[in-house]
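Me: Please take a close look at the charged and aromatic side chains here, and take me through them step by step. I am in my first year, so please explain each term when it comes up.

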Amino acid sequence: FPSHDISSRIYTFLDHTKKFSINFFDAQKFIHDVLTIQKMPSQTTDFLRNSLLSYPTLLSFTKPGEEFGLYLDSSDPYFLFKFESFQLKARTLLLPETLTEYPQKIKGICRLQKFLPSNINPYTSLIEIAHESPAEVFGKILNQSYQVDAILYLSPFGNQSVMIYKIPEEGGVGLSSHNTISHQFDPDQKDSLKFLQKNQFVFDGIFKKNLNLLLDIVREFEKYSMEYLVSRVIDFACRCSKENFIDRISSFGLDEIKQMFSETPTLDITCDYCKTHYQITKDSFPDLIEH
């Protein structure tokens with residue numbers, strides 16, 4: 001085990017009965033990096049923190065090489081939240097940056113996508129959100145999109161969370177397109193909820209320590225007869241590049257591009273995700289020069 005790696009990770013453990021998967025997310029570094037880059041109003045940092053402790057745990061249901069995207073488009077209050085994972089990297093976005101209202105209830109659409117390595121067309125699931133809390137939205141994702149018996153518990157002490165997943169006796173779990181939901185879970189009858197209630201004192205004890213080293217976290221869970229299976233690093237990173245922005249601008253019509261450069265020889269562009277600045281000059285577009 002690396003002894004000094006403080007990267008954020010999702011750890012997967014198996015309880016001693018082999019019936020439950022415990023997915024522990026140490027998000028301390030990831031959330032620190034996001035909040036450092038995206039300086040949000042203080043009223044929205046709680047929402048961003050809770051979102052980043054919740055949605056990345058869904059990566060426990062993805063396989064190596066798969067890419068994942070979650071897009072929350074809220075009309076009331078108006079905002080857009082994105083979480084995208086690729087390889088061992090992830091990026092997130094909350095717009096508008098002037099958002100001043102902490103969303104207690106949300107109305108809008110949640111879209112989830114999973115990209116397979118060999119398929120450019122993603123599996124997609126859409127969920128309608130009708131004035132529900134962020135916690136209710138996450139529960140709806142588990143119950144309707146994934147149709148699993150699972151529950152999330154956020155640390156009351158720091159930037160960590162745990163998702164309890166009841167392993168099905170047969171079959172698997174995955175995100176797929178569907179028009180109808182064949183089964184609805186009763187939130188009060190979930191086996192995962194019963195497991196959490198029985199073991200909440202264990203998780204609270206672990207949360208209080210705010211451990212961030214892989215070996216320390218694994219040893220702590222092993223004290224409670226939970227078998228370590230695997231972990232995956234979640235580092236903040238962005239896919240943006242100057243070439244990507246040039247390609248995007250090139251997709252506009254020639255007249256539109258001319259208009260962009262009509263009053264300036266250089267476009268200053270800032271990536272919404274990572275705040276990297278790019279300067280794009282007119283000579284990046286040969287067709288424009290020829291005309």
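Reply: The side chains of Arg91 and Glu84 meet in a salt bridge, with 2.8 Å from N to O; the term stands for a side-chain nitrogen of Lys or Arg within 4 Å of a carboxyl oxygen of Asp or Glu. Both Arg91 and Glu84 are buried, where buried means under 20% relative accessible area, exposed means over 50%, and partly exposed lies in between, with a 1.4 Å probe and protein chains only. Arg91 also lies over the face of Tyr273, at 3.7 Å from the ring centre; a charge is counted over a ring if NZ of Lys or CZ of Arg is within 6 Å of the ring centre and within 35 degrees of the ring normal.

Before going further, please keep in mind that this is a predicted model, in which local features need pLDDT of at least 70 and side-chain atom pairs count only at pLDDT 80 or more, while totals for chains, interfaces and linings use all residues. Residues are numbered from 1 along each chain as its sequence is written, and side-chain values use heavy atoms, with hydrogens and water left out.

The structure holds 10 salt bridges, and another of them joins Arg239 and Glu67, at 2.7 Å from N to O. This pair links distant parts of the chain, since Arg239 sits in the loop between β11 (235–236) and α6 (242–250) and Glu67 in strand β3 (residues 67–76), 172 residues apart. The labels α and β refer to DSSP runs numbered from the N terminus, namely helices (H or I, at least four residues) and strands (E, at least two). Arg239 counts as partly exposed because its relative accessible area is 41%, and Glu67 is partly exposed as well, at 24%.

A further salt bridge is formed by the side chains of Glu220 and Lys209, at 2.9 Å from N to O. Glu220 lies in helix α5 (residues 214–222) and Lys209 in helix α4 (residues 191–209), so this pair ties together parts that are 11 residues apart in sequence. The partners are covered unequally: Glu220 is buried, with a relative accessible area of 6%, whereas Lys209 is partly exposed, at 44%. Through salt bridges that share partners, Lys209, Glu220 and Lys223 are joined into one network.

Helix α5 also leads to the aromatic side chains. The structure holds 18 aromatic pairs, where rings of Phe, Tyr and Trp (its six-membered ring) pair if their centres lie within 6.5 Å, and planes under 30 degrees apart count as stacked, over 60 as edge-to-face and the rest as tilted. One of these pairs is Phe13 with Phe221, which is stacked, at 4.2 Å centre to centre and 15° between the planes. Phe13 belongs to strand β1 (residues 9–14) and Phe221 to helix α5, so the pair links distant parts of the chain, 208 residues apart. With a relative accessible area of 0%, Phe13 is buried, and Phe221 also counts as buried at 0%. These two residues belong to one aromatic cluster, formed by Tyr11, Phe13, Phe24, Tyr153, Phe207, Phe221 and Tyr228.

For the wider setting, the protein chain has 8 helices and 13 strands, and buried residues make up 46% of its 291 residues.
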